[in-house]
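Biologist: Please take one part of this structure and look at it closely. I would like to follow the charged side chains that pair up, and the surroundings in which they sit.

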Amino acid sequence: MNVNEDLNYMFAMVRRLLRICDIWPDPHIPLSNIRRPSIRFIIVLSTISLYLTTPQMINVIRSWGNLTLMVQHFVSAIFSILAVFKLLVTWYHGKTLQPLILSIVTDWITTTSKWERNTMLRIARRGRNLSFRCFVSAIGLIIFSFSFYVLKFLKTIHEPHRSLAYRMENIQKTPIYEITFIAQIFAGLYTVLANYTIDSFVSILVLHVCSQLINLRMTLNNLVNELANKSISSSKFREGLTAIVERHEHLIRNAKTIDSCYSSVLFLNVLLATLQMCFITFQIFTIITDNIKIPLIRMFLLSFYITVMMTHLFIYCYSADKLIAESTKMAYGVFECRWYDLRPKDAKDLMFIVFRSTIPLKLTAGKFGTFSMEMFAAAIKTAMGYLSALLTIRD
């Protein structure tokens with residue numbers, strides 16, 4: 001497998017879908033082109049904002065006082081708000097992300113050791129699997145949503161008052177009605193794909209940093225073993241250790257770059273995902289307890305919606321948890337190597353890496369919290385607490 005095949009294997013569908021929205025931070029194009037919004041990006045952003053986010057937020061205001069209707073409209077609005085915010089952040093930080101992509105390309109090109117490439121492919125396979133799960137959940141959500149809205153369209157097409165995919169007032173005349181309906185379908189499609197693509201993109205970036213930390217730890221271990229076996233001199237050891245420290249600092253900067261670019265997105269994601277899980281569960285509970293007759297496909301859609309939100313939140317938490325673990329293992333890697341066979345002067349040099357690894361690398365939610373598997377469990381617990389409060393208000 002050559003370098004281009006490795007990169008295609010690593011990013012899979014993510015690069016193609018980011019190029020559809022024209023926000024892929026391609027390292028081979030000028031920076032001025034990255035910072036200038038393209039027509040495709042404006043069309044995607046405008047479609048989501050004008051035909052989904054804005055109407056649903058207006059519907060939330062109009063249904064004020066009716067808790068069930070407010071929750072129903074707010075569920076759709078939240079998902080589209082997330083999509084718009086992720087698209088804007090990825091486009092805005094394109095200049096910052098471009099060197100990061102170039103660094104990944106360089107890592108694949110300069111890696112010559114078979115064991116290093118195997119480690120990168122193994123971690124890339126995890127990212128690909130996570131991306132595939134996101135893609136399956138996105139396609140499933142698109143199929144369920146499309147089926148539900150098409151059935152809704154066909155059911156009311158000959159009635160005086162025809163239903164749109166997302167409620168908008170005073171749009172019944174042909175062809176305005178048909179154009180609006182198609183635009184809303186595309187808005188929903190862009191929303192799902194934007195959320196899936198950017199979630200996968202961030203997780204792949206984080207997992208790549210993890211793979212480089214694993215390789216760096218193994219390189220350090222091999223270097224110490226060579227000095228312990230008298231295969232290299234102390235001067236060669238210091239040169240190799242200097243390169244490792246510089247590489248470690250480079251990976252730390254890359255991890256901090258990812259966090260600085262997407263920290264605000266992660267904060268909004270965990271907040272709105274918690275609300276989404278609460279509101280959708282509330283809708284399902286209301287439908288069951290009030291014996292509301294709705295199409296079976298809508299029940300599947302709501303259930304699948306929860307699965308999608310939990311899957312995307314899990315991907316963030318899993319990647320961040322992996323980053324915390326691998327960054328702290330750098331210090332443990334020093335203890336596990338044969339430092340006790342080195343001269344005290346050479347062994348002391350290893351303490352630079354130990355001290356630098358005491359603070360783990362992490363993804364933060366707006367600097368208020370750290371993404372991890374504990375946060376994933378806490379988000380579900382919080383969502384159920386909000387659900388209990390909603391049911392109390394409803395009763």
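Modeller: What follows is a walk through the salt bridges of this predicted model, with the helices around them as the setting.

Start with the setting. The protein chain has 13 helices and zero strands, so its order from the N terminus is a run of α elements. Along the principal axes, the C-alpha atoms fill a box of roughly 90 × 50 × 30 Å. The chain has 395 residues, and 52% of them count as buried. Among contacts with a separation of 6 or more, 80% are between residues 24 or more positions apart. The accessible surface comes to about 19,000 Å², and carbon and sulfur atoms make up 64% of that surface.

Now the charges. There are 41 positive and 24 negative side chains in the protein chain. The centres of these two sets lie 3 Å apart. The count of salt bridges comes to ten. Three of them are described here, each with its place in the chain.

The pair of Asp 22 and Arg 40 comes early in the numbering. Their side chains meet in a salt bridge, with 3.4 Å from N to O. Asp 22 sits in the loop between α2 (13-20) and α3 (31-35), whereas Arg 40 is in helix α4, so the bridge ties together parts that are 18 residues apart in sequence. Is each partner buried or exposed? Asp 22 has a relative accessible area of 31%, which makes it partly exposed. Arg 40 is also partly exposed, at 44%.

Helix α4 deserves a short stop, since Arg 40 has company there. Ile 42 is in helix α4 too, and it is partly exposed, with a relative accessible area of 40%. The C-alpha atoms of Ile 42 and Cys 21 are separated by 8.6 Å, although the two residues are 21 places apart along the chain. Thr 47 is another residue of this helix, which spans residues 39-62. At a relative accessible area of 13%, Thr 47 is buried, because the cut-off for buried is under 20%. A polar atom of the Thr 47 side chain lies 2.6 Å from the backbone oxygen of Ile 43. Beyond its neighbours within four places in sequence, Thr 47 is in contact with Leu 52, Ala 183, Phe 186, Ala 187 and Tyr 190.

The second salt bridge joins Asp 199 and Lys 86, and the closest N and O atoms are 2.8 Å apart. This pair links distant parts of the chain: Asp 199 belongs to helix α8 (residues 176-228) and Lys 86 to helix α5 (residues 67-92), with their positions 113 residues apart. Asp 199 counts as buried, at 0% relative accessibility. Lys 86 counts as buried as well, at 1%.

Helix α8 also holds Ser 203. This serine is buried, with 1% relative accessibility. A polar atom of its side chain lies 2.8 Å from the backbone oxygen of Ser 200. Leaving aside neighbours within four places in sequence, Ser 203 is in contact with Ile 315 and Ser 319.

The third salt bridge stays within one helix. Lys 322 and Glu 326 meet through their side chains, at 3.4 Å from N to O. Both residues lie in helix α10 (residues 296-336), four residues apart, which is about one turn of the helix. Both are buried. This bridge is part of a network: salt bridges that share partners join Arg 217, Lys 322, Glu 326 and Lys 329.

One residue from the far end of the numbering can close the tour. Ala 378 is in helix α13 (residues 373-394), and it is partly exposed, with a relative accessible area of 39%. Ala 378 and Phe 41 are 337 residues apart in sequence, and their C-alpha atoms are 35 Å apart in space.

To put the three pairs side by side: the bridge between Asp 22 and Arg 40 ties a loop to a helix, the bridge between Asp 199 and Lys 86 links helix α8 with helix α5, and Lys 322 and Glu 326 both belong to helix α10.

Methods
Residues numbered from 1 in each chain as written. Predicted model: local features only at pLDDT ≥ 70, side-chain atom pairs only at ≥ 80, totals over all residues. Heavy atoms only, no water. Helix = DSSP H or I, 4+ residues; strand = E, 2+ residues; numbered from the N terminus. Buried < 20%, exposed > 50% of the residue type's maximum accessible area, 1.4 Å probe, protein only. Polar contact = N/O pair within 3.5 Å; in protein donor to acceptor, adjacent residues only side chain to side chain. Contact = heavy atoms within 4.5 Å. Areas by Shrake-Rupley, 256 points an atom, 1.4 Å probe, with all protein chains shown as cover. Lys, Arg positive; Asp, Glu negative; His and termini not counted. Charge placed at Lys NZ, Arg CZ, Asp CG, Glu CD. Salt bridge = Lys/Arg side-chain N within 4 Å of Asp/Glu carboxyl O.
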